[in-house]
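This briefing is meant for a reader who is meeting the structure for the first time. Please keep the sequence and the model side by side while reading the points below.

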Amino acid sequence: MEEIKTIKVTIDNISIDVAPGTTILNAARLIGGEVAPPAMCYYSSLEGSGGKCRTCLVEVAAGSTADPRPMPKLVASCRTNVMDGMVVKNITSDRVLDARKGVVEFLLINHPLDCPICDQAGECDLQDLSYDHGTEGTRYAFARRTFVKEDIGPYIQLHMTRCILCYRCVYVANQLTNERMHGIVDRGDHAAISTYISRAIDNDFSGNMIDVCPVGALTDRTFRFKNRVWFTKPMDAHRDCENPECCGKVTLWLRGEEVFRVTTRNDQWGEVQRFDGKAGWICNTCRFDKKETKDWVIEGLTTISRHSVIGANKYKILEMPKETIANVMHGRDPRLIMDIHSVSGVNEPGMDLSDINRPATSTDFEQHPQPKN
Ligand code: SF4
Ligand code: FES
């Protein structure tokens with residue numbers, strides 16, 4: 001058998017052997033955790049993606065064993081392949097963290113900070129990125145780009161004001177659907193996603209554009225404002241779809257027995273999972289027309305491994321972390337500053353919401369008359 005050669009790369013002081021041709025980003029993802037740079041435009045199942053947003057910049061402190069000189073500029077890790085003996089710095093580099101802060105500031109120049117009313121809140125990559133790398137203020141003092149919301153087809157709404165021009169949806173349209181009807185028009189500050197002559201996107205796989213959009217620019221019109229994503233319960237499910245291109249494996253987002261939305265199954269990087277070596281894209285019939293639990297074979301709770309508000313809503317009894325304050329305070333317990341349950345009078349007093357093995361309902365609240373102001 002031919003020996004498979006691997007090459008060694010060190011990222012944030014952790015070494016790993018990877019196949020030749022692996023990008024720095026994918027090598028870092030093999031290590032996992034914080035070592036993996038954030039990626040707003042790269043999407044492993046979309047050919048040609050990456051290289052647009054610059055959030056994945058890293059420092060190459062040594063190019064290779066053969067030529068250990070550092071690379072003078074930070075490089076986009078999603079578009080740079082590893083070399084044998086390469087040394088990369090991500091979170092261990094102040095230059096990278098500073099540059100990432102600048103990239104977030106640029107991405108937020110035109111992006112509205114409307115998370116409280118945005119349908120993507122709770123599962124938005126830009127929201128996570130700005131929490132991790134953003135600053136609390138902005139230095140931008142000029143008029144921001146704004147656009148009118150546009151329904152592109154019966155299922156998708158485009159809110160161009162939130163778009164970061166990552167091109168992912170264009171690649172989905174190019175690579176998954178028979179006929180591309182939208183793209184990016186104009187250049188620079190004027191660049192915008194558009195359906196040219198306002199033609200509706202109504203091909204079989206267009207719904208996947210919603211899933212790849214890292215922000216709230218493309219949203220599901222059948223789900224918009226129906227529920228906050230952290231109140232829903234994600235369940236893995238499948239059905240035998242008649243469309244041979246559809247993988248039929250989905251995540252159902254339930255509230256009680258009601259299916260609020262259907263999406264692809266995503267991995268810990270927020271990208272579509274692969275089944276039998278193929279990306280698990282789903283057709284619009286599965287996504288928009290099968291909204292009853294009887295349409296599906298339910299497999300069980302979706303495991304959300306990424307640190308996420310959705311993960312907090314799994315309705316499993318919480319495992320509380322070990323309390324350490326008593327140890328460092330010579331055995332004294334922390335003092336409860338305010339017991340919100342007893343002070344607010346909103347909840348039924350004996351009710352601990354963490355212990356409810358289901359979504360809270362209105363009967364759990366307002367058991368007592370509210371104090372009149
Ligand atoms: S609409 Fe979303 S997926 Fe498409 S380019 Fe804009 S941010 Fe990217
Ligand atoms: S993820 Fe690498 S440039 Fe966008």
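Leaving aside residues up to four places away in sequence, Thr219 touches Asp119, Gln120, Gln157, His159, Ile210 and Arg224. The model in which these contacts are found is a predicted one, and Thr219 itself lies in strand E10, which spans residues 218–220. One of the partners, Gln120, is 99 residues away from Thr219 along the chain, and yet the C-alpha atoms of the two are separated by 7.6 Å. Thr219 counts as buried because 22 other C-beta atoms lie within 10 Å, where the cut-off is 20 or more.

**The chain as a whole**

- The protein chain contains eight helices and 16 strands, and buried residues make up 32% of its 373 residues.
- Among the contacts in the protein chain with a separation of 6 or more, 63% are accounted for by residues 24 or more positions apart.

**Surroundings of ligand 1**

- There are 14 residues around ligand 1, and those that come nearest are Cys163, Cys166, Cys169, Cys213 and Ala217.
- By class, the shell around ligand 1 holds 13 nonpolar residues and one charged residue, with no polar residue in it.

**Helix H4 and the loop before it**

- Helix H4, made of residues 168–176, is mostly covered, since seven of its nine residues are buried.
- The buried residues in H4 are Arg168, Cys169, Val170, Tyr171, Val172, Ala173 and Leu176, and of these Cys169 is also one of the residues that come nearest to ligand 1.
- Tyr167 is placed in the loop between strand E7, residues 156–158, and H4, and this residue has a positive phi of about 75° although it is not a glycine.
- Tyr167 is classed as buried because 22 other C-beta atoms are found within 10 Å.

**Helices H2 and H3**

- Helix H2, residues 94–110, packs with helix H3, residues 125–133, at an angle of about 135°, and their axes are 10 Å apart; H2 is therefore oblique to H3.
- The crossing of the pair H2 and H3 is left-handed, and their contact comprises, by class, five nonpolar, two polar and two charged residues.
- On the side of H2 the contact is formed by Arg100, Lys101, Val104, Leu107 and Leu108, which meet Leu126, Leu129, Ser130 and His133 in H3.
- Within H3 the buried residues are Asp125, Leu126, Gln127, Leu129, Ser130 and His133, and H2 is included in what covers them.

**Helix H1 and the loop between E1 and E2**

- Helix H1 covers residues 24–31, and its buried residues are Ile24, Leu25, Ala27, Ala28 and Arg29.
- The cover over these buried residues of H1 includes four strands, namely E1 (7–11), E2 (14–18), E3 (57–62) and E5 (86–89).
- Gly32 follows H1 and has a positive phi, near 90°.
- Asp12 lies in the loop between E1 and E2, and its phi is likewise positive, at about 50°, although Asp12 is not a glycine.
- Asp12 counts as partly exposed because it has 18 C-beta neighbours inside 10 Å, a number under the 20 that a buried residue needs.

Terms used. Residues are numbered from 1 along each chain as its sequence is written. Chains are lettered from A and ligands numbered from 1 in the order in which they are written. This is a predicted model: local features need pLDDT of at least 70, side-chain atom pairs count only at pLDDT 80 or more; totals for chains, interfaces and linings use all residues. A residue is near a molecule or strand if its C-beta atom, placed from the backbone, lies within 6 Å of it. Ala, Val, Leu, Ile, Met, Phe, Trp, Tyr, Cys and Pro count as nonpolar, Asp, Glu, Lys and Arg as charged, and the others, Gly among them, as polar. Axes are lines fitted to C-alpha atoms, for helices over the stretch in contact, and angles run from 0 to 180 degrees between N-to-C directions. Helices (H or I, at least four residues) and strands (E, at least two) are DSSP runs, numbered from the N terminus. Angles under 35 degrees count as roughly parallel, over 145 as roughly antiparallel, 65 to 115 as roughly perpendicular and the rest as oblique. A crossing is left-handed if the near helix is turned anticlockwise from the far one by less than a right angle, and right-handed if clockwise. Two residues are in contact if their C-beta atoms, placed from the backbone, lie within 7 Å. A residue is buried if 20 or more other C-beta atoms lie within 10 Å of its own, exposed if 12 or fewer, and partly exposed in between; C-beta atoms are placed from the backbone.
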